[in-house]
Each structure stands twice: as C-alpha cells, then as structure tokens.
Amino acid sequence: MFNYIIKRFKKIVIRILALLFFLTFLLMVFLYLNYRLGDKYPNPNDVYTYIANNKTDTYLNENNKNFLKENDIWAIRLDKNGKVIESFNKPREVKNKFEITDVVSFNRYYLADYPVFTYIVGDGLILFAYPKNSLDKLPFNYYNYQNLVFNMWLVVIFIVLFLLFVYVFYRMDIRDILKNIAPFQKAIDGLFEDDYEKLDESGELRDLALSINKANEKYNNLKKSQSKWIRVVSHDVRTPLAKISWELNKENKNDLDTKNIQDQILKISNILEGLNLTMSLANIDKENFESKSPLKVIRKVIVDKLNENPKREIIFENRLRDPDIKLKMDPTLFYRMVENIIKNSLAYTEGKIDLIISNPDNQLIIRVLDQGCGVDEDIIKRINDEDLTNITRHGLGIFISKQIAELHDGKFSIENKDQGLDVSFIFDLIN
C-alpha cells in the first residue's frame, strides 16, 4: 500500500514539474506578446512628470496640450467628486462625470478601451489615455519592453534553482515519508490486538491517524457490544427457553399452552431485537445527522401512541421559548428514544403521562414523568453502568434510549419520584 503511495507521489512531482515548464513557457510568451511597450509612446511616469513640471494655474495649459498632442495622448482631470474640470482631446464616448466604481475600474483596467494611467493631483486625479491597442496594462499600470530580456533571464535562473530545490526537497520528503509511515504500518498490523498503541493525531498524516484510531475504537466498541450481547442472551433467554421446553415436554400434548409458547418466543424476539439495536448504535456514524426540529418528532410520537392507546392520557407541555429550535439528529432514532420511555410508561403504569419540553439556559430538556411505582434501583444502577444483565424486562428499552441520547451528544437522567418514574434527556444547544 505504501509503495503505491510513493509511486503516486513520484507521479505527482513529475506532473508538477511538467506543468511548471508549461506554465513558464506560457508566461514568457504572455510577457512577450501582451506586456510590451514600443518606443513610439513615452513612459506614463515621464508624461506625468513633464505635465506636473510645466503646469501653470492649470495642468492642461497650451504647452502641455502641445506635448500631449505630439505623443497622441488625451487627458482629463477630475475633482474629488469625479467631475471633469480639465480635458484635452477627450473622446465623446467618455463621460464628464464618474462614480467611484468607474474610477476603480479604469484605474485598474481600461476606460472605453483606452489604456489609462492615473495620478493623484491635489484632491483629484489626472488621467493620461494612450491610443487604443497601444499599451497593455498590468495591475501596476504598464510593462516596459526593455526589461523583458532581463526578466526572461531571471525566469530561466528561477526555473533552474526551482528544479534544484525541488530535487533536494523530493529526496528529503521521501526520507521523511518513509520515517513517518513506519508507525502507521505497525499500528495497522496491531489494529485488532489488545496492546494497540493509539497513534498521534497530529502532523501531516493526521487524517490517516484519525481513521486508524477510529477503526480501532469501533472494533473495541464492537467487542464490548458482543460481550454484552452474549452475556445478556445467555442470561435472559434462558428463562423463556426453559418455559418453552417445559411446555413441549408435557406428556399430554393437548395440555400445551400455545399462547404461553408464543409469548415466550415474542419475548426472545424482543430481547434479540433490542440487543441488536444496542450493538448497531455503538457503530453509527454521526456525520450523516441533519438539523431537524425535535418538536415535530415528539409530537409525532405522542400522536402515534395516543392512536394506539386511545384510553390513555398523555399530557404534552410545550415550554419552548424558541419554537424553531433544531438539533443535529437522526429523526428515526430520536423518535425511538422518546417512544421507548412512553411505551414503558404505557405498559407498566395506569395513570397519566406527562411529557414536558423546555429550553432553559441554552439547553433543550425533554422530560417524561409517569404515575407508576418506578423501577428497581438496581436496574437504574445497571443502566447507568451500561450493564445489560437482567434489565431486559423493560430496562433494555430505557438503556437503548440512553444510548441514542448519548449518540446525539446528550445527557440522560433517570430517577424514581414519589409520583412515579422521571426520565430526562438534556441536549446543549449550539448557536
């Protein structure tokens, strides 16, 4: 893999050098063809010097006009408001009043296709315009052909020095690349080992280090999830299987309780579904999350649960100061997070269920309270410790909600109150 990278690097260098030669050639042709100044026209700086030295009460007096006429140059002088206050041979297409945008344009480029050179005089400007197609302007006004040959020699010397330095830097870069990729080779070889050493996530190969470290992190999360999955399956599936086995071992098959068997199979199915979800949550990439409204998701959960349980009472209290609050989320997972808590309350309590959403102190808080008897403190401890053993009765759904909240960079809180169970999800809002 790294040999391929080195080969690609060599090709890139060769292409850069070839491009450099091509661009240098184009630059020389461009300088020769476009930035030339013939002997027919005087240097704009010389024109300005002559005009300034020979001005009287006006810049464009008769003496200066004769000089401009001899050199086929027309001129205008503008006051600070852009109005023409003096002119000589000004073409009709040239305005008598200019806006500041016009000044910026012709100062850098052309005025009515005339190459114009501007100079500050007092609180205004004086412009000298050469015939069309006579001079080519650069941002710094003009180019003198007499300097072309000297500049070409400078370009040649520059290219030689550039090639020399490129070769030196190439040799140094190859040495540094081989030195820098050695830790990555070692890290890849030990990516799935217990003694994996985390790579330094800085320097030129930072992205590669991040990817390798992230792969190791995902692998470790997967191992932990698999460990929990196996531990829970071995513990919590044992009872339903025992009940199914007991039913199937009855001597009189007419006494089989098929409903009990179906219930136990459904329980096993729910356990496996929940555990599979906990495993997948550990490896979800948050890069695909989008800014969505949590309020819309919560309302949908409440409407769906009320439709499924028309005799139950779910009280929704909206305390949001900003109804347009958005979070980066996966709407499906966010829905599941809230749904799990409400489903537990519907399944294990009889009273009303309160859902309160608020945003104090730049936070979004979603709180679900029921009027049941709460859950065992041991289950709460196991949920907080991320221990799935023996929480699959209804604690697994709560644990999944906790995982989803943390996946969305939120905090999860659960505690027993006198009136029932109090579950909260807390998210920091980013302005």
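In strand β12, D422 is the bridge partner of L369. The coordinates are a predicted model, in which local features need pLDDT of at least 70, side-chain atom pairs count only at pLDDT 80 or more, and totals for chains, interfaces and linings use all residues. Residues are numbered from 1 along each chain as its sequence is written, and side-chain values use heavy atoms, with hydrogens and water left out.

## The five-stranded sheet

L369 belongs to the pairing of β10 (residues 363-369) with β12 (residues 420-428). These two strands run antiparallel and are joined by 7 bridges. Strands here are DSSP E runs of at least two residues; helices are H or I runs of at least four; both are numbered from the N terminus. Two strands count as paired if DSSP finds at least two bridges between them.

β12 also pairs with β11, again in the antiparallel sense, over 8 bridges. In that pairing, N416 has L421 of β12 as its bridge partner. A hairpin of 2 residues links β11 to β12. Strands of a sheet pair through backbone hydrogen bonds, either parallel or antiparallel.

The open sheet holds 5 strands in the order β7-β9-β10-β12-β11, with mixed pairing. Its edge strands are β7 (314-319) and β11 (410-417), each pairing on one side only. From one strand to the next, the twist averages 10 degrees. Helix α9 (residues 294-308) packs on this sheet. α9 touches β7, β9 (353-358) and β10. The direction of α9 makes about 165 degrees with that of β7. Such angles run from 0 to 180 degrees between N-to-C directions, with axes fitted as lines to C-alpha atoms, for helices over the stretch in contact.

The loop between β9 and β10 contains N362. N362 counts as partly exposed because its relative accessibility is 37%. The classes are buried (under 20% relative accessible area), exposed (over 50%) and partly exposed in between, with a 1.4 Å probe and protein chains only.

## Two helices with a buried side

Helix α3 (residues 62-70) buries N64, F67 and L68. They lie on the same side of α3 because they cover an arc of only 95 degrees around the axis. The arc is taken over the directions from the helix axis to the C-beta atoms. The face turned away from that buried side carries the exposed residues E62, K69 and E70. Cover for the buried residues includes α2 (44-53), β1, β2 and β5 (124-129). At the start of α3, a side-chain oxygen of N61 comes within 3.3 Å of the backbone nitrogen of N63.

Helix α11 (residues 377-384) has I379, I380 and I383 as its buried residues. Their arc around the axis is only 100 degrees, which puts them on the same side of α11. E377 and K381 are exposed on the other side. At the start of α11, a side-chain oxygen of D376 reaches to within 2.7 Å of the backbone nitrogen of D378. An α-helix has 3.6 residues a turn, so residues three or four places apart point the same way.

## Positive phi

The table lists residues with a positive phi.

| Residue | Phi | Place |
|---|---|---|
| D72 | near 55 degrees | after α3 |
| N89 | near 55 degrees | loop between β2 (84-88) and α4 (100-108) |
| N362 | about 60 degrees | loop between β9 and β10 |
| E386 | about 60 degrees | just after α11 |

## R77 in strand β1

R77 sits in strand β1 (residues 74-78). R77 counts as buried because its relative accessible area is 17%. The side chain of R77 makes a polar contact of 2.6 Å with the side chain of E86. A polar contact is a pair of N or O atoms within 3.5 Å; within protein, one must be able to donate a hydrogen and the other to accept it, and residues adjacent in sequence count only if both atoms are side-chain atoms. Leaving aside neighbours within four places in sequence, R77 is in contact with Y59, K83, V84, I85, E86, V121, L125 and I126. Contact means heavy atoms within 4.5 Å.

## The whole chain

The protein chain has 12 helices and 12 strands. Of its 431 residues, 40% count as buried. Among contacts between residues at least 6 apart in sequence, 62% join residues at least 24 apart. The accessible surface of the chain is about 26500 Å² (Shrake-Rupley method, 1.4 Å probe). Carbon and sulfur atoms account for 53% of that surface.
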